[in-house]
Amino acid sequence: MSEPEGTPCHRILVIDDNVAIHDDFRKVLMKRETADSALEQMESALFGAEDEARSAVVFEIDCASQGREGLEMVQRAQTESRPYSLAFVDGRMPPGWDGIETIRHLWQESPELQVVLCTAYADYSWQEIQSVLGQSDSLLILKKPFDNAEILQMAHALTRKWELNREILGRLNKLAFFDQLTGLPNRSLFMDRLRQTVDKARCYNHTGALFFIDLDNFKRINDTLGHNVGDELLKAVGARLSQCLRASDTIARPMEKFPMAARLGGDEFTVLLPEMGKPEFAAVVAQRITEQLSKPLELGSHQVIVTPSIGIAIFPQDGEDVDTLLKNADMAMYYAKSIGPSAFKYYQESMNAVALKRLKIENHLRKALDRREFSLRFQPQVDLRSGQVRGMEALLRWHNEELGEVPPTEFIPIAEESGLILVIGEWVLRTACIQAAAWLKQGLDLPRIAVNVSVKQFSQKNFAAMVGNILAETGLAAQQLEMEITESLLAQDLPEVLAILHALREMGVRIAVDDFGNGYSSLYRLREMPIDCLKIDRSFVGGIEGGAKDRSIINAIITMAEGLDLVVIAEGVETDDQADFLRSKECSQAQGFLFGRPLTTSQAETLLREHRN
Ligand code: C2E
Ligand code: MG
Ligand code: MG
């Protein structure tokens, strides 16, 4: 039948063995002018005026003369996603199922279907009906002979009820399967889709991809700008993600072939690309997602930039089951993060070992302080002319029973990422100060103790106060403590960091810039910074014998430091030639294997004693 576009249409099924009755229903339900308007008048008299769209309901009537036939029609309607909202079912339909039996089958197929059981007076008792069908609010009984208005009323009321039920179900569904903040599918819906898709891919030899996406600097934005801004940001990311995926698929495809984005929680998102043809296609999509997400975002009065790190697992090759796939995509994401920001990486089998080791290190690291697994080594810093020890750099060592000796270059980044560096760094500082104070008390000559400080430690508001406390506690003079910071800390240009540096400087603590020369510091910034010393990165010193380039860089650093009135320490000096070159360029101090390896406490003490004598 044809109806005006946009008019709500409800499908009604009449099941009755008497074909003449089919026509009666059609006449009553499809005669819109007279019957509908009569009913509308009645409705508006009872319930007040309805909106236009509602009152213009159209019914589409289908008929069956046996229960089985009716069931088949309901099944077909379900698979076509055009379900019936209401069925009128006759009580007696020989030779087939009676009304109650028919309804029982219909509800198995379509539990939301509203039903009117049409009976002659003595057909069934209400108890009988309930004993077979249970208690249901989807069933009404209509006694024969019918009144046309009654049928119409029932049709309107019950189809409306069916519609409202569907709406409520839809909303509940949304609560259970969608993330409330972004509106994206949640973990449980995503995992379900992933499971189906992976099964299918295995069956039909398709290739698909799973992305694990994590935002690089979300935590910082959340911590500094507040959770409201954080929430807005996640919403915006969700919207951009869906937009990317929509754009990637303009050709009409069946639903299950569409890419899907989801939010797993926090700042973790996933994307499912069901059928890609080639694994390389994932890189194109990852690239597009990265570009879109990395565009600046206006959130209230702030402009923020977030970048994603993306791990890609291809299925079925990278995992037989969804948990493995997700774990592998997550692992690839870790990798991307380590080379990032805004990088993506395909999962590779070799990642397993490394990622596992990383996790292991982090777990052991958590217990390392309590287990007293840390110790310090001290490397002398000497005057290049006189050979005198001008200071010692404290270098952290970690010995773990299972992992053995883990080098700081391996565990410090993990300590930084996990936040453990805060307590570890405090331990290093306190231990180094205690040691230096003890040596001084013994009358040994140690002008300064140098301690490495991680960028992360500068995010603690009370950092300068903590340093002050440790100095007071240990009795070490502030002038004898030098903190080695990295060039990247200066480059960040954060007012908080600058305030801490000034506070330390005011206390008298000296500041050295470690590994100088790699971090693109501008001269202007260096002049503005409260620093005392530049440590020339070991890579330049190592290149002294190799070529003119490194030599001229060293020369430039020394000249510049002189102009800015800064002390220079050359790091990693291993040969006499290197020392000679540095001396010829008036570099004042040096540190390296040539003058002494990092020493244990007692070795360092011996060295200091020798020097005194
Ligand atoms: P760094 O602060 O630049 O320390 C100098 C590193 O160079 C040390 O490595 C030292 O053993 C090594 N070294 C010294 N002289 C020579 C030489 O002549 N040749 C060569 N090839 N290497 C030399 P180490 O002890 O493995 O420390 C590595 C890095 O770990 C340090 O670099 C520092 O950035 C970090 N680190 C060490 N201890 C701590 C700490 O307590 N806190 C923090 N945040 N970082 C630390
Ligand atoms: Mg250092
Ligand atoms: Mg260094």
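This note goes through the predicted model point by point, from its overall form to its metal sites, salt bridges and packing.

1. Basis of the model. Because this is a predicted model, local features need pLDDT of at least 70 and side-chain atom pairs count only at pLDDT 80 or more, while totals for chains, interfaces and linings use all residues. Residues are numbered from 1 along each chain as its sequence is written, chains are lettered from A and ligands numbered from 1 in the order in which they are written, and side-chain values use heavy atoms, with hydrogens and water left out.

2. Overall form. The protein has 23 helices and 21 strands, where helices (H or I, at least four residues) and strands (E, at least two) are DSSP runs numbered from the N terminus. Its radius of gyration is 38 Å, whereas a compact globule of 613 residues would have one near 25 Å; this radius is taken over C-alpha atoms, and the globule rule is 2.2 Å times the number of residues to the power 0.38. The C-alpha trace spans about 125 × 50 × 45 Å along its principal axes.

3. Surface and interior. About 30,500 Å² of the protein is exposed, and carbon and sulfur atoms supply 51% of that area, as computed by the Shrake-Rupley method with a 1.4 Å probe, with only the protein chains shown counting as cover for residues. Buried residues make up 46% of the 613 residues, where buried means under 20% relative accessible area, exposed over 50%, and partly exposed in between (1.4 Å probe, protein chains only). Among contacts (heavy atoms within 4.5 Å) between residues at least 6 apart in sequence, 71% join residues at least 24 apart.

4. The magnesium ion (ligand 2). The protein donors of this ion are Glu393 (OE), Asn452 (OD1), Glu484 (OE) and Asp514 (OD), which lie 2.0 to 2.2 Å from it; donors are N, O and S atoms within 2.8 Å of the metal (3.2 Å for Na, K and Ca), and sites may look incomplete because water is not among the atoms. Along the chain these donors follow the spacing E-x58-N-x31-E-x29-D. Glutamate 393 lies in strand S14 (residues 389-400) and glutamate 484 in strand S17 (residues 481-486), so the pair ties together parts that are 91 residues apart in sequence. Glutamate 393 is buried at a relative accessible area of 3%, and glutamate 484 is buried at 1%.

5. The magnesium ion (ligand 3). Here the coordinating atoms come from Asp514 (OD), Asp515 (OD) and Glu571, the last of which is listed with two OE entries, at 2.1 to 2.5 Å, and the spacing of the donors is D-D-x55-E. The two magnesium ions, ligand 3 and ligand 2, are 3.9 Å apart, with aspartate 514 coordinating both. Aspartate 514 is buried, with a relative accessible area of 8%, whereas aspartate 515 is partly exposed at 33%.

6. Salt bridges. The structure holds 32 salt bridges, each defined as a side-chain nitrogen of Lys or Arg within 4 Å of a carboxyl oxygen of Asp or Glu. In one of them, aspartate 90 pairs with lysine 144, the closest N and O atoms being 2.8 Å apart. Aspartate 90 lies in strand S3 and lysine 144 in the loop between S5 and H7, so the pair ties together parts that are 54 residues apart in sequence. Aspartate 90 counts as buried at 3% relative accessibility, while lysine 144 counts as partly exposed at 24%.

7. A metal donor in a salt bridge. Glutamate 393, one of the donors of ligand 2, also forms a salt bridge with lysine 535, with the closest N and O atoms 2.9 Å apart. Lysine 535 lies in strand S19 (residues 533-536) and glutamate 393 in strand S14, so this pair ties together parts that are 142 residues apart in sequence. Both lysine 535 and glutamate 393 are buried.

8. Packing of two helices. In helix H5 (residues 99-109), the buried residues are Gly99, Ile100, Thr102, Ile103, His105, Leu106 and Trp107, and they pack against several elements, including strand S1 (9-15), helix H4 (67-79) and strand S3 (86-90). Valine 229, placed in helix H10 (residues 227-247), is buried with a relative accessible area of 12%, and Valine 229 touches Ile221, Leu299 and His302, not counting residues up to four places away in sequence.
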